[in-house]
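This report walks through one model, from single side chains to a whole chain. Please keep the sequence and the 3D view open while reading.

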Amino acid sequence: MMLSRTADHLFWMSRYLERAENLARLLDVSLSLALLPQAKGARAEMRAPLVITETLERFNQRYPAITPEALLQFMALDRENPASIICCLRHARENAHAVRGKITAEMWENINATWLEARQLEANGIGNVADFFDWVKARSHVFRGIAYGTILRGDAYSFIRLGTFIERADNTARLLDVKASLLTDATIEDKAQDYYAWAALLRALSAYEAYLEVYREGPAIESVAELLILSPRLPRSLCACLDAICKILDQIEGDNGRLAQRDAHKLLNTLKYTRAEEIIASGLHEYLSQCLAQINALGGTIDHAYLRVA
Amino acid sequence: MHQIDLPLSAGYDEMLDAAQSVRPHYREFFDWLNAQTPAMLAQRRREAELLFHRVGITFSVHGDESGNERLIPFDTIPRIIPAQEWAHLEAGLRQRTQALNMFLHDIYHDQNILKAKKIPAEQVLVNAQFQAAMCGINLPHQIYAHIAGIDVIRHSDGEYYVLEDNLRVPSGVSYMLENRKMMMRLFPELFGRHAVAPVEHYPSALLSTLRQSSLEDNPTVVVMTPGHFNSAYFEHAFLAQQMGVELVEGRDLFVKDLRVYMRTTAGPKQVDVIYRRLDDVFLDPLVLRADSMLGVPGLLAAYRAGGVVLANAIGTGVADDKSIYPYVPDMIRFYLDEEPLLRNVPTWQCRHQDELGHVLTHLDELVVKEVHGAGGYGMLIGPKASRAEIEEFRERLKANPANYIAQPTLSLSTCPTFVDEGIAPRHLDLRPFVLSGNTVRIVPGGLARVALQKGSLVVNSSQGGGTKDAWILEA
């Protein structure tokens, strides 16, 4: 049992941190792909982060063209862009600040230090781009590790993890959807380009090594979809995220969350008993749109059940 | 050997006596200090600053538009107080707080002290801090100020004086605890060489006091904060965490059938004791300030009906008001039939015509304060003020004499302190915290506040003051 407002802050603290991490990974891949020689799909690759974060329109108002420099500036340290990494880190830190007594001192000091360092980067420039993305990812990893290693197992930990997995599920679904639609775009016919694009998608979800280990072949749409949507073993797959969400919801004290539990288990069961060829046959985009809608609805149900109790 | 600037002549220095010899209780520290290199000490000070930033022990300053969070400067030379001095201080604080609580109970009930004409009735009853709504309300154990912060200074005569009683929402205790933690981290060896009385149990003493303030067997206690934009938010969060209780804002609470509940993930949960860290006027928008979003509608009705305990009680401000301060020694005599152990600073009340006359002719020697002022704002320090400032204050005084009191300019004692030029004496005070439940609890220590400007007597952090760790040596 905890204050609803506290739960809300914990949930969004980890959601924003997860969002920053995902964004770093995506930008890292998109930008390096855009820099490949004769990258035909470069423009499309660079559009992806803007489409996924729903900031394409805002970007176009501020920049004449999608260049790697503009994209980096807009998505990394632009405070005018609410979806930028710096804004995510700021929101994460603000939420943590509001509940600093409910997380361990190590967790608070870590997230506060992340913010102080981010402000340094803001003042001095980010320097090497790859280093910057590594830094964002590392800060997120370290925070998660500290949470795992220090906080009492209870509702606070549950809401922290709930935020992480809802955001992660949302991100995986969006990313796969956008990239798949780029790839099925008729303008890209080059097999090599295809290969790079799928590999980039897998890398953006830290799933490339896993893919090679499981499939031992070049990426193809069906096996990529199977891994990222249906595999219970891949930590960023929809199925793995939903499995975690169900387990967390089952642990939270009280019975306010029955509806959220029902929705989560329903979605998990669909994922568990669906096969990849069915998804492809019915249309990957349609399938993912449905998943996204269900994940969003689940977020709403959780919000209603725990975070905004009257 | 470090260059230590000598104390100001005629002043009292905590480390050095009039002959410039080190006082016995500072001997050990002084020897240690001399064995350290300046480079090492400077490095430790930088470390401390870094750590305070990382831990986020910061406060926001009123009127600072940029919303930047600032550190309160921390000085690594402790204020050391020998055991027998502390024993005297502790007994005096206990006595004083007891009398103040009895006074509050009395004026909200029979008003015996007013009937006995020890204090002019109008000074209490028309005081803006007097809450008529508290009249006749019975509080558990008749405790009003569960948490008191009493500001004590040492004058050049070597005696301790009480400068001010803080009975509303005194703050600063988190700095007492964090400063100790920092000193132990930076200089662990010092604690092997001194028997410093521990302060770490303050949160548990606070929780016991708060639990005793309720008649429930197993009361639910919460800390109530105005929110994370408040300048003392760090302390609110810190105390809630250290006590293992919820930190709530007004919007987390609601009142139903004269009981207070908090909104939780498992539904409403009743709250029995609220350690509230916001002023009376913000508590209940239905009764007090309607425009305030910080409070809880209906809280006052629930409180008056005994449905919840507030710590501190509503209406304690009438006892720590500077116009009531001169009467505290009389309160001690009246309620306890004892002589005060701690001295009061002589105070002229400008509301009295003859005293006003004295004040107006001695403005260049006196400190003049607003009756309801706090934080070092709105005061005149005669000897440090320009002629124009004095004249301007004279007009304000004449226009509203009852709003002011005046005191002699005390020479607060000094303590060697790290400053840009090296180590130099700086004026300081001490705020120990007194907890009143079934028993009175005083953790041996307090917040030592130090004025970092040379010669300055204003120790408030809002005016650029710093803090030190305060060591009470065990006998």
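Is B:Glu249 buried or exposed? The model is a predicted one. In it, B:Glu249 has a relative accessibility of 8%. The cut-off for buried is under 20%, so B:Glu249 counts as buried.

**Salt bridges**

B:Glu249 has a charged partner. Its salt bridge goes to B:Arg251, with 2.9 Å between the closest N and O atoms. B:Arg251 is exposed, because its relative accessible area is 52% and the threshold for exposed is over 50%. The pair thus joins a buried glutamate to an exposed arginine.

Elsewhere, salt bridges with shared partners link several residues of chain A into one network. Its members are A:Glu18, A:Glu21, A:Arg25, A:Arg144, A:Arg168 and A:Arg236. Over all chains, the salt bridges number 48.

Three of these pairs are set out below.

| Pair | N to O distance |
|---|---|
| A:Glu21 and A:Arg25 | 2.7 Å |
| A:Arg275 and A:Glu277 | 3.6 Å |
| B:Glu249 and B:Arg251 | 2.9 Å |

Take A:Glu21 and A:Arg25. Both sit in helix 1 of chain A, which covers residues 4-34. Four residues separate them, about one turn of the helix. Both side chains belong to buried residues. Their salt bridge has an N to O distance of 2.7 Å, and both residues are part of the network named above.

A:Arg275 and A:Glu277 offer another setting. A:Arg275 counts as exposed, because its relative accessibility is 51%. A:Glu277 is at 37%, so it counts as partly exposed. The closest N and O atoms of this pair are 3.6 Å apart.

**Two asparagines in chain A**

Where does A:Asn171 lie? It is placed in helix 8 of chain A, residues 155-183. Its relative accessibility is 8%, so A:Asn171 counts as buried. Which residues does A:Asn171 contact, leaving aside its neighbours within four places in sequence? They are A:Asn22 and A:Leu205.

A:Asn256 has a loop position. The loop runs between helix 12 (238-251) and helix 13 (258-272) of chain A. At 28% relative accessibility, A:Asn256 counts as partly exposed. A:Asn256 can also be set against A:Ala42. The two are 214 residues apart in sequence. In space, 48 Å lies between their C-alpha atoms.

**Chain B as a whole**

What helices and strands does chain B have? There are 14 helices and 23 strands. The C-alpha trace spans about 70 × 60 × 50 Å along its principal axes.

Why does the radius of gyration of chain B agree with a compact globule? For 475 residues, such a globule would have a radius near 23 Å, and chain B has 23 Å.

Burial and contacts add to this picture. Of the 475 residues in chain B, 60% count as buried. Among contacts in chain B with a separation of 6 or more, 69% join residues 24 or more positions apart.

How is the surface of chain B made up? The accessible area comes to about 19100 Å². Carbon and sulfur atoms hold 51% of that area.

Charge comes last. Chain B carries 45 positive and 57 negative side chains. The centres of these two sets lie 2 Å apart.

How values were computed:
Residues numbered from 1 in each chain as written. Chains lettered and ligands numbered in written order. Predicted model: local features only at pLDDT ≥ 70, side-chain atom pairs only at ≥ 80, totals over all residues. Heavy atoms only, no water. Buried < 20%, exposed > 50% of the residue type's maximum accessible area, 1.4 Å probe, protein only. Contact = heavy atoms within 4.5 Å. Rg over C-alpha atoms; globule rule 2.2 N^0.38 Å. Areas by Shrake-Rupley, 256 points an atom, 1.4 Å probe, with all protein chains shown as cover. Lys, Arg positive; Asp, Glu negative; His and termini not counted. Charge placed at Lys NZ, Arg CZ, Asp CG, Glu CD. Salt bridge = Lys/Arg side-chain N within 4 Å of Asp/Glu carboxyl O.
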